[in-house]
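Me: I would like a close look at a single part of this protein, its largest nonpolar core. Which residues and elements build it, and how does it sit within the chain as a whole?

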Amino acid sequence: MLIYSDENLEVIHHPGSSPYLLVTFNEMEVQANGSRFWGQRFCEKADIAALGFISRRPNWFPAASVVKAVAAAAPILHAAPERILYGHSQGGYAALRYRRRFEATVAIAFCPQVSIDPKAVPFDSRFTRHFAPDLHTNMGIAPDHVAGRGYLFFDPFHAIDRRHAERIAALQAETRLVPVHMTGHGTVRAFTGTARALSLIEACRADNRTALRALARAVRVNAPMRPYQIAVTAIARHPAWADRFHARFGDAFSPVERVNFLYHRANRHIRDGELATARDMLADAVVLQPANPGFVRRLEELEGRMARAV
């Protein structure tokens with residue numbers, strides 16, 4: 001049932017029999033449609049009581065809208081003996097940013113950002129296009145946002161996500177960092193499946209860090225993104241090994257993983273002076289993703305460099 005809506009977000013209530021209320025926040029690829037929220041299928045299968053906060057666009061849940069939405073949901077929130085916040089990327093940011101606003105018992109965040117303000121995070125330009133000063137003034141996660149315990153899941157080999165995680169842990173007390181190696185920015189997908197997600201939530205509710213570490217080790221072994229992450233990580237220091245791994249597992253890469261591997265491997269070829277090989281890889285990347293201006297621009301720059309060298 002839709003209980004709140006404005007120009008930035010919607011809130012949907014899903015009743016259930018769980019001893020806690022799960023408050024979910026969507027990742028940027030999923031947007032509001034008036035009837036569904038991020039994590040709804042899981043909540044339906046497990047009969048979990050939930051509030052789904054879902055953004056209308058990639059907007060990192062502006063505070064003014066969240067304050068109004070929490071007020072609208074107050075009767076539901078106050079009736080819940082436990083409130084668990086759960087989100088990935090922009091949703092992970094919200095789960096940690098609004099811990100105190102929800103008086104959360106537990107906040108579970110996957111690959112969150114401490115902020116998307118380019119002045120605050122000059123090391124991360126991935127989401128700069130979504131930063132709006134009128135919406136995101138003082139948006140950064142801060143020490144006074146804390147309530148309950150926080151669990152932050154991330155891949156230590158993803159350099160940018162690791163910097164965000166370390167910044168957040170330094171700012172927020174009672175925030176545990178849980179590494180899930182070789183899952184990239186898609187760490188949440190390693191926990192896909194009702195049984196895994198329930199095990200994760202229960203371990204966080206109990207603050208069972210031994211169980212959390214064991215679960216993180218177990219899910220990363222069969223994580224669908226693991227072969228790609230190993231291959232792309234190896235490019236920096238062991239490019240020949242990355243090529244062998246790509247040759248063995250590349251056919252199973254998703255379309256996005258396939259094109260990203262080509263792009264990153266091409267850049268390493270450029271660094272090594274292997275310009276013709278890099279050009280061919282960039283050309284393949286452009287064929288696979290012709291609307292990506294970064295790929296097109298990189299190919300044009302390389303071809304111009306090669307023409308000047310003739």
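Reply: What follows goes from the whole chain to the core, and then to a few other places.

The model is a predicted one. Its protein chain has 14 helices and 8 strands. The C-alpha trace spans about 70 × 45 × 35 Å along its principal axes. A compact globule of 310 residues would have a radius of gyration near 19 Å, and the 21 Å of the protein chain agrees with that. Of the 310 residues, 52% are buried. Among contacts with a separation of 6 or more, 71% are between residues 24 or more positions apart.

Now the core. The largest nonpolar core holds 40 residues, and the members that touch the most others are Val23, Phe25, Phe53 and Phe102. Several elements give two or more residues to this core: the strands β2 (9-14), β3 (21-25), β4 (49-55), β6 (106-110) and β7 (149-154), and the helices α2 (63-72), α4 (90-97) and α7 (159-171). Helix α4 gives the most, with 4 residues.

Phenylalanine 53 serves as an example of a core member. Leaving aside neighbours within four places in sequence, phenylalanine 53 is in contact with Leu9, Glu10 and Val11, with Val23, Thr24, Phe25 and Asn26, and also with Phe61, Ala69, Val70 and Phe102. Val23, Phe25 and Phe102, named above for touching the most other members, are thus found again among the contacts of phenylalanine 53.

Another core lies apart from this one; it has 32 residues, including Tyr151, Ala197, Cys204 and Ala223.

Elsewhere in the chain, helix α10 (residues 226-234) has as its buried residues Tyr228, Gln229, Ile230, Ala231, Val232 and Ala234. These buried residues pack against α11 (239-249) and α12 (255-271).

Two loop residues complete the picture. Most residues other than glycine have a negative phi. Aspartate 47, in the loop between α1 (40-46) and β4, has a positive phi near 55°. With a relative accessible area of 37%, aspartate 47 is partly exposed. Asparagine 138 also has a positive phi, near 55°, and lies in the loop between α6 (133-136) and β7. Asparagine 138 is exposed, because its relative accessible area of 69% is over 50%.

As for the surface, the protein chain exposes about 14400 Å², of which carbon and sulfur atoms supply 54%. Its side chains include 39 positive and 29 negative ones, and the centres of the two sets lie 4 Å apart.

Key
Residues are numbered from 1 along each chain as its sequence is written. This is a predicted model: local features need pLDDT of at least 70, side-chain atom pairs count only at pLDDT 80 or more; totals for chains, interfaces and linings use all residues. Side-chain values use heavy atoms; hydrogens and water are left out. A nonpolar core is a set of buried Ala, Val, Leu, Ile, Met, Phe, Trp, Tyr and Cys residues joined through side-chain atoms within 4.5 Å. Buried means under 20% relative accessible area, exposed over 50%, partly exposed in between (1.4 Å probe, protein chains only). Contact means heavy atoms within 4.5 Å. The radius of gyration is taken over C-alpha atoms; the globule rule is 2.2 Å times the number of residues to the power 0.38. Accessible areas come from the Shrake-Rupley method with a 1.4 Å probe; for residues, only the protein chains shown count as cover. Lys and Arg count as positive and Asp and Glu as negative; His and the chain ends are not counted. The place of a charge is taken as NZ of Lys, CZ of Arg, CG of Asp or CD of Glu.
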